[in-house]
Amino acid sequence: MTTHLYTHDIFAEHKTPAGHPERPDRIRVVADALGHEDFRDLVRFETTMADEAVFETAHSASYVEGLRAQIPDEGIARIDPDTVMSPKSWECVRHAVGGGLAAVEAVMSGKADNAFLAARPPGHHAEQVTAMGFCFINTAAVMARHAQLHHGAERVAIVDFDVHHGNGTQDIFERDKSVFYASTHQMPLFPGTGAKGEEGVGNICNAPLQPGAGTEDFRDAFRSRVLPALNAFAPDLIIISAGFDAHARDPLANVNLSAHDFDWVTAELMSSAERHCSNRVVALLEGGYDLQGLAESCAAHVKRLMNG
Ligand SMILES: [Zn+2]
């Protein structure tokens, strides 16, 4: 497989207060892990900033304008108790989306089989008009829209194995049959959405996991629920909201996965992509708050993307 990596040093410049789990060290340990010689065949690109206009494919113009108005000149601006902006946060958001669009272009044009975007802040909790859960702009949603508007993808699937439900992605697409959204997540847990009965217009597939769930529960959720629905949808592109906070070491949740499980799920999603869409997969980093668990899991995920 030809795998592209999109990232940038600027992603360490989105600052959060001391003790905040979504911290610059997250991107540093991912960069270190992917700097290992095992990853020498990755084709590496620096992200560039997206035009803010593309944010309006997933969010309202007034929401985007309102967020921009809150960027502080110095220090930290609290959007809510968990979700904060520092002076460079908006540049980081624009770089994250810019990298996501470049990754979509590379995969849709056939320059890459698949791609990974290592960026922060994450995006899957950002709803059409609400920032929350460390997220401002829903990068995966803007990527899906870009694939549809500019690269001929009619049907885009977003599969989210972050331990939290991607309420933002569901909010943006729950009335749009052209986008399929599937999520495994611990329930109950923040943000509280993601029950099985939330099905959108038949395009949403939620597979909640109980606190304490482990490898077999996770794999069962994919085998019995997510993968059959994904294959029935027959996507033209699979976007993976790759959060690694379902790792056993993660401090924000109580699901007990290991790096092997992230390797397994990546392989399963790749075989669906091989069947339906010429291997086209674009993955992006969402959560993952234990530095060791994040680094190991992200490395296993990207290694699988490269090795097929
Ligand atoms: Zn998460």
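# Helix pairs and hollow spaces: worked exercises

Helix α6 passes helix α7 in a right-handed crossing (a crossing is right-handed if the near helix is turned clockwise from the far one by less than a right angle, and left-handed if anticlockwise). Helices here are DSSP runs of H or I with at least four residues, strands are runs of E with at least two, and both are numbered from the N terminus. The model is predicted, with local features needing pLDDT of at least 70 and side-chain atom pairs pLDDT 80 or more, while totals for chains, interfaces and linings use all residues. Residues are numbered from 1 along each chain as its sequence is written, and side-chain values use heavy atoms, without hydrogens and water.

**Exercise 1. Describe how α6 and α7 pack, and find the residues that make the contact.**

Step 1: start with the geometry. Helix α6 covers residues 215-233, and its axis lies 11 Å from that of α7 at an angle of about 15 degrees (axes are lines fitted to C-alpha atoms, for helices over the stretch in contact, and angles run from 0 to 180 degrees between N-to-C directions).

Step 2: classify the angle. It makes α6 roughly parallel to α7 (angles under 35 degrees count as roughly parallel, over 145 as roughly antiparallel, 65 to 115 as roughly perpendicular and the rest as oblique).

Step 3: list the partners. From α6 come Thr215, Phe218, Arg219, Phe222, Arg223, Leu227, Leu230 and Asn231, and from α7 come His260, Asp261, Trp264, Val265, Glu268, Leu269, Ser272, Arg275 and His276 (contact means heavy atoms within 4.5 Å).

Step 4: sort them by class. The contact of α6 with α7 holds seven nonpolar, five polar and five charged residues (Ala, Val, Leu, Ile, Met, Phe, Trp, Tyr, Cys and Pro count as nonpolar, Asp, Glu, Lys and Arg as charged, and the others, Gly among them, as polar).

**Exercise 2. Now follow α8: work out how α7 and α1 each cross this helix.**

Step 1: take α7 with α8. The axes of α7 (residues 259-277) and α8 (residues 291-307) come within 8 Å, crossing at roughly 30 degrees. This angle makes α7 roughly parallel to α8, and their crossing is right-handed.

Step 2: find the residues. Ala259, Phe262, Asp263, Thr266, Ala267 and Met270 of α7 are in contact with α8, which brings Glu296, Ser297, Ala300, His301, Arg304 and Leu305. Sorted by class, that contact of α7 with α8 has six nonpolar, three polar and three charged residues.

Step 3: take α1 with α8. Here the axes come within 9 Å and the crossing is at roughly 45 degrees. That angle makes α1 oblique to α8, and the crossing of α1 with α8 is right-handed.

Step 4: find the residues again. Asp25, Arg26, Val29, Val30, Ala33 and Leu34 of α1 meet Leu291, Leu294, Ala295, Cys298, Ala299 and Val302 of α8. By class, the contact of α1 with α8 has ten nonpolar, no polar and two charged residues.

**Exercise 3. Locate the largest pocket and the cavities, and say what lines them.**

Step 1: fix the terms. On a 1 Å grid over the protein atoms alone, a cavity is a set of points where a 1.4 Å probe fits but cannot get out, a pocket is an open set with protein on both sides within 12 Å along at least five of seven lines, and lining residues have an atom within 4 Å of a point. Points are joined across faces, edges and corners, and a volume is the space filled by probe spheres set on them.

Step 2: visit the largest pocket. Its volume is about 210 Å³, and its lining residues include His8, Asp9, Arg28, Arg44 and Glu46. At least two lining residues come from each of β1 (3-7), α1 (25-34) and β2 (43-46). The lining of the largest pocket has six nonpolar, two polar and four charged residues.

Step 3: turn to the cavities. Two cavities of 30 Å³ or more turn up in the whole structure. The largest cavity has about 40 Å³ of space, and among its lining residues are Ala96, Pro121, Gly123, Leu284 and Glu286. The second largest cavity has about 30 Å³, with a lining that includes Val93, Ala96, Val97 and Pro121. Helix α3 (residues 89-108) gives the most to this second lining, with three residues.

Step 4: look closer at Pro121. It sits in the loop between β5 (114-117) and α4 (139-150), and the peptide bond from Arg120 to Pro121 is cis, with omega near 0 degrees.
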